[in-house]
Amino acid sequence: MTTSGPDPDQSPRYDPMPAAPPLSDREMGQPLSRPKPVDTAFTLWIANAALSLIAFVVSLTIGGDALREAARESARAGGGNLSDSEIDTAVSAGLAFSGVIAVLFFALYLLFAFKMRAGRNWARITLTVLGALGLISSLFGLLGGTLDGLSIVLTIIQIALIGTAIFMMWQKESTHYFEAVKRAG
């Protein structure tokens with residue numbers, strides 16, 4: 001008896017197709033998991049921002065009277081005819097202006113920290129640059145010898161917070177996270 005059709009033992013053999021690459025968490029509809037160093041860096045940036053804001057408010061309340069007195073002495077030494085109320089108005093305006101600038105800076109700082117936590121590399125770089133400038137400024141402040149005891153302690157705490165936050169943001173695990181967020185786009 002004859003069979004029709006090709007012989008199954010002599011048909012061409014094909015290699016199976018390679019497996020598809022694994023899907024990332026985002027492609028599977030799951031959020032990308034954030035590594036612990038990124039969360040730690042975020043917490044440190046928030047703690048540093050809060051500490052800076054508290055230090056600013058304290059310096060305004062405690063240092064406001066000293067600033068007013070220094071302005072009065074400066075006006076008298078310069079031979080100016082400014083009244084005490086004019087000096088108080090000028091000092092109050094200066095303090096209000098610096099308060100507005102501090103609030104704006106605080107808001108930007110928080111924005112950068114939240115964007116860094118969300119995996120935005122530009123925010124990580126911005127925080128690194130601002131943090132490095134802050135570290136340099138703090139170190140010069142410590143070396144200058146003009147800080148009082150409380151200011152020295154606060155400066156050392158801020159150096160530790162900023163330095164550790166920068167270190168955490170650039171850990172290998174963190175870098176992989178920022179790269180994955182960029183790829184997932």
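Helices here are DSSP runs of H or I, at least four residues long, numbered from the N terminus. The model is predicted.

**Exercise 1. The pocket**

Find which helix gives the largest share of the lining of the largest pocket.

*Solution.*
1. Start with the pocket itself. Its volume is about 910 Å³.
2. Look at the lining. It has 34 residues, and L51, S52, A55, F56 and Q158 lie nearest the centre.
3. List the helices. α1 (36–77), α2 (84–117), α3 (121–144) and α4 (149–169) each supply at least two lining residues.
4. Pick the main contributor. α1 provides the largest share, 13 residues.
5. Check the classes. The lining holds 20 nonpolar, 13 polar and one charged residues.

**Exercise 2. The core**

State which helix gives the most to the largest nonpolar core.

*Solution.*
1. This core has 22 residues, and W45, M116, L127, I166 and M169 have the most contacts inside it.
2. α1, α2, α3, α4 and α5 (172–184) each supply at least two of its residues.
3. α1 gives the most, with seven residues.
4. Take L127 as a case. Beyond its neighbours within four places in sequence, L127 contacts W45, F112, A113, M116 and M169.

**Exercise 3. Salt bridges of R72**

Decide whether R72 is buried or partly exposed, and find its salt-bridge partners D84 and D88 in the structure.

*Solution.*
1. R72 has 14% relative accessibility. Buried means under 20%, so R72 counts as buried.
2. R72 pairs with D84 at 3.3 Å, N to O. D84 lies in α2 and R72 in α1, so this pair ties together parts twelve residues apart in sequence.
3. R72 also meets D88, at 2.7 Å. This pair links α1 and α2 too, across 16 residues in sequence.
4. Widen the view. E69, R72, R76, D84 and D88 form a salt-bridge network.

Technical notes. Residues are numbered from 1 along each chain as its sequence is written. This is a predicted model: local features need pLDDT of at least 70, side-chain atom pairs count only at pLDDT 80 or more; totals for chains, interfaces and linings use all residues. Side-chain values use heavy atoms; hydrogens and water are left out. On a 1 Å grid over the protein atoms alone, a cavity is a set of points where a 1.4 Å probe fits but cannot get out, and a pocket is an open set with protein on both sides within 12 Å along at least five of seven lines; lining residues have an atom within 4 Å of a point. Grid points are joined across faces, edges and corners, and a volume is the space filled by probe spheres set on the points. Ala, Val, Leu, Ile, Met, Phe, Trp, Tyr, Cys and Pro count as nonpolar, Asp, Glu, Lys and Arg as charged, and the others, Gly among them, as polar. A nonpolar core is a set of buried Ala, Val, Leu, Ile, Met, Phe, Trp, Tyr and Cys residues joined through side-chain atoms within 4.5 Å. Buried means under 20% relative accessible area, exposed over 50%, partly exposed in between (1.4 Å probe, protein chains only). Contact means heavy atoms within 4.5 Å. A salt bridge is a side-chain nitrogen of Lys or Arg within 4 Å of a carboxyl oxygen of Asp or Glu.
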